[in-house]
Every structure is written in structure tokens, then in C-alpha cells.
Amino acid sequence: MSTLYLDTCDHLVLGLLSDGFDWIEVVENETKKSSGIIHKEIYEILKRHNLKASQVENIIMTAGPGSYTGMRLSEGISQIFTSSGTKCFSFFHFE
């Protein structure tokens, strides 16, 4: 099982978690333009671990508070994954 972590509320934070929800890798990019790099970064993190997008079983995303555009970016990416059966879980930063 593979779980992809997405947080674009402030800046881009991507992660890959194991079956036991231990971090395999975390990528953090301080740029405020996550929309310009998120697709490439997801592709690269999956490629480094020999995974295809279809092998991502879960997505965990931060639902805010934060940048409206950033949150919509995570939501849109999550919707793409869920359209092919990936489960999506979200939480607020303050939780």
C-alpha cells in the first residue's frame, strides 16, 4: 500500500508513507507557486520509489486553513486520484 501526503496550504509539502504510515520520503518546497511544480514533484517522488499513480491507494491532504488557491490545488489533485479509486482523507492544520 502507498499513501501520498499533500499539503499546499502555505507552501508545497509532499510525502510518501508506508503501510504503517511511517514516512518514506518528504519533499518540501518553499516556493509560493505550488501549481507550477506539483505535478512534476508528484511524478518524481513516485518514480524514485518505482510507483505508478495507479498504485497510490490513499491520499492524505491538509484542508486548511491557508491559501485558498493552494487548498484548491490539493483538492483538485485529490479528485483526480479519487476518480480512479484512491481513498482521500483530509484534516485541518489545527487538528
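**Close-up 1. Phe21 in the loop between strand 2 and strand 3 of the predicted model.** Strand 3, which follows this loop, covers residues 23-29. The backbone at Phe21 has a phi near 60°, a positive value in a residue other than glycine. With a relative accessible area of 46%, Phe21 counts as partly exposed, because the class between buried and exposed runs from 20% to 50%.

**Close-up 2. Asn50 in the loop between helix 1 and strand 4.** Helix 1 spans residues 38-48 and strand 4 spans residues 58-62, with Asn50 in the loop between them. Phi of Asn50 is positive, at about 55°, although the residue is not a glycine. The relative accessible area of Asn50 is 69%, so the residue is exposed.

**Close-up 3. His11 and its surroundings in the loop between strand 1 and strand 2.** Strand 1 is formed by residues 3-7 and strand 2 by residues 12-17. His11 is buried, its relative accessible area being 13%. The side chain of His11 makes a polar contact of 2.9 Å with the side chain of Asp10. When neighbours within four places in sequence are left aside, the residues in contact with His11 are Glu28, Asn29, Glu30, Thr31 and Ser34.

**Close-up 4. Burial of strand 4.** Five of the five residues of this strand are buried, so strand 4 is largely enclosed by the rest of the structure. Asn58, Ile60 and Thr62 point one way from the strand. Ile59 and Met61 point the other way, and they too are buried.

**Close-up 5. Pairing of strand 4 with strand 1 and strand 5.** Strand 1 and strand 4 run parallel and are paired over four bridges. Among the residues involved, Leu4 has Ile59 of strand 4 as its bridge partner. Strand 5, made up of residues 87-91, also pairs with strand 4 in the parallel sense, here over five bridges. In this second pairing, Thr62 stands opposite Phe91 of strand 5.

**Close-up 6. The β-α-β unit containing helix 2.** The unit consists of strand 4, helix 2 and strand 5, and it is right-handed. Helix 2 comprises residues 68-82. The two strands of the unit are parallel partners, joined over five bridges.

Key
Residues numbered from 1 in each chain as written. Predicted model: local features only at pLDDT ≥ 70, side-chain atom pairs only at ≥ 80, totals over all residues. Heavy atoms only, no water. Buried < 20%, exposed > 50% of the residue type's maximum accessible area, 1.4 Å probe, protein only. Polar contact = N/O pair within 3.5 Å; in protein donor to acceptor, adjacent residues only side chain to side chain. Contact = heavy atoms within 4.5 Å. Pairing = 2+ DSSP bridges. Right-handed = clockwise from strand over helix to strand, strands pointing away.
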